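With the structure open in a viewer, please follow the stops below in order, making each selection before reading what is there.

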Amino acid sequence: MKPSGDSIGRATLLIILSALSFGSISVLTVLVTGAGLPLLTAMAWRYLLGAILVGAVAQLDRISLVPPRRVAQLLLIGGCGQALITYLSLHALEYIPVGPLAFLFYTYPAWVALLAALRKTERLTPVRVIALTLALAGVTIMVGAPTGNLNPIGVLLALASALLYSAYLPALKHVQAGIPAMIATFLLIAGAAIAFILAALLAGDLFVPAGAAVWTEILVLALVSTVIAFLTLIKGLAVLGPVRTAIIATVEPFFTATLGILVLGNSLSMTTLVGGILIAGAVLLIQWNSTQLAPTV
């Protein structure tokens, strides 16, 4: 049964909320690491607190009803997939600036659409091509296309993170199908928590931070950028599929830039504004096309 126009509208809002929640990660991480906390320490506590928060409200006894293979797959997607995407992106920053990294990473909607077309799981319609073009143009205007000589290692790492994320979305949609969203979210976050705790232990960076301000920022990272971000992503992805989800999620860099203006005092540029308008146009086009094709209930 195809989703109705109302359910598509709700799913679109959920993906926008997810993108906004993920978009706060950069600013919050700057605040946390600026206070002297190592990145691995911050990520380990972020995901551990996130797992505790979800576990407190989810009916965890229902995990026993989920096939063990699906449980393992969700833990691996959260641990290996999420941790590897994060590692590749952060490692790329050792070789290339933030702007080129953002541009290369946000090519992932194009890779998602191409992968879906090759696998024949979703059609690459003219409307989707136009929306994808608008979204990528908006990201390009906002962060700037790579210019000059870039270190090829950094470029490869950034593209690898984009390609991995393009495989991550359809894999997540497939594995979480039929599993309550809260349970799937808990398993994803728990998998990431295990991965980052082990990494922090190996690096000697696992310790209890001191200071109320740092703990407040970590708690916001856990609640907003982890629990809300993953829960809304899973719910929206289940309805929209990877291609529409990826295009709509390009609102994330615009929100990150806006949050940087409000919290870090960055200046609002015309390129940020124009890029945001183009991305908004892509989201509205996808939403209009989806509701035109959906049945009414």
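Begin with the whole protein chain of this predicted model, coloured by secondary structure: from the N terminus on, its elements run α-α-α-α-α-α-α-α-α-α-α-α, a total of 12 helices and 0 strands. The radius of gyration of the protein chain is 19 Å, close to the 19 Å that the globule rule gives for 297 residues, so the chain is as compact as a globular protein of that length. If you reduce the display to the C-alpha trace and align the view with the principal axes, the extents come to about 55 × 50 × 35 Å. Colouring by accessibility instead, you will find that 48% of the 297 residues count as buried.

Next, select helix α9, residues 181-203, and place a distance between the C-alpha atoms at its two ends. The 23 residues should span 33 Å at 1.5 Å a residue, and the end C-alpha atoms are 33 Å apart, which agrees. Just after α9 comes G204, where phi is positive, at about 75°.

Move on to L206, which sits in the loop between α9 and α10. L206 counts as partly exposed because its relative accessibility is 34%, a value that falls between the limits of 20% and 50%. Now add A42 to the selection: although L206 and A42 are 164 residues apart along the chain, their C-alpha atoms are separated by 9.0 Å.

Helix α10, residues 212-248, is the next selection, and the same check on the end C-alpha atoms can be made there. Its 37 residues would reach 54 Å as a straight helix at 1.5 Å a residue, yet the ends are only 35 Å apart. Where in α10 does the kink lie? Centre on G241, shortly before the proline P242, and you will see a kink of about 120°.

For the surface, select I141, M270, L273, V274 and I277, which together make a nonpolar patch of about 440 Å². Helix α12, residues 270-293, gives the most to this patch, with 4 residues. L273 lies in α12, and with a relative accessible area of 39% it is partly exposed. An α-helix has 3.6 residues a turn, so residues three or four places apart point the same way.

Now go to the loop between α6 (108-119) and α7 (126-143), and pick K120. Is K120 buried or exposed? At 77% relative accessibility, K120 counts as exposed, since the cut-off for that class is over 50%. Its backbone also deserves a look, as K120 has a positive phi of about 60° although it is not a glycine. Most residues other than glycine have a negative phi.

From there, display the side chains of E122 and R128, which meet in a salt bridge with an N to O distance of 2.9 Å. With a nitrogen-to-oxygen limit of 4 Å for such a pair, the count comes to 1 salt bridge. Both E122 and R128 are buried.

The last stop is A131, in helix α7. A131 counts as buried, because its relative accessibility is 0% and the limit for that class is under 20%. To close, draw a C-alpha to C-alpha line from A131 to F22: the two are 109 residues apart in sequence and 21 Å apart in space.

Technical notes. Residues are numbered from 1 along each chain as its sequence is written. This is a predicted model: local features need pLDDT of at least 70, side-chain atom pairs count only at pLDDT 80 or more; totals for chains, interfaces and linings use all residues. Side-chain values use heavy atoms; hydrogens and water are left out. The expected span of a helix is 1.5 Å times one less than its number of residues. The bend at a residue is the angle between axes fitted to the seven residues ending there and the seven starting there. Patches are made of residues with over 30% relative accessible area and no salt bridge: like charges are joined within 9 Å, nonpolar side chains (Val, Leu, Ile, Met, Phe, Trp, Tyr) within 5 Å. Accessible areas come from the Shrake-Rupley method with a 1.4 Å probe; for residues, only the protein chains shown count as cover. Buried means under 20% relative accessible area, exposed over 50%, partly exposed in between (1.4 Å probe, protein chains only). The radius of gyration is taken over C-alpha atoms; the globule rule is 2.2 Å times the number of residues to the power 0.38.
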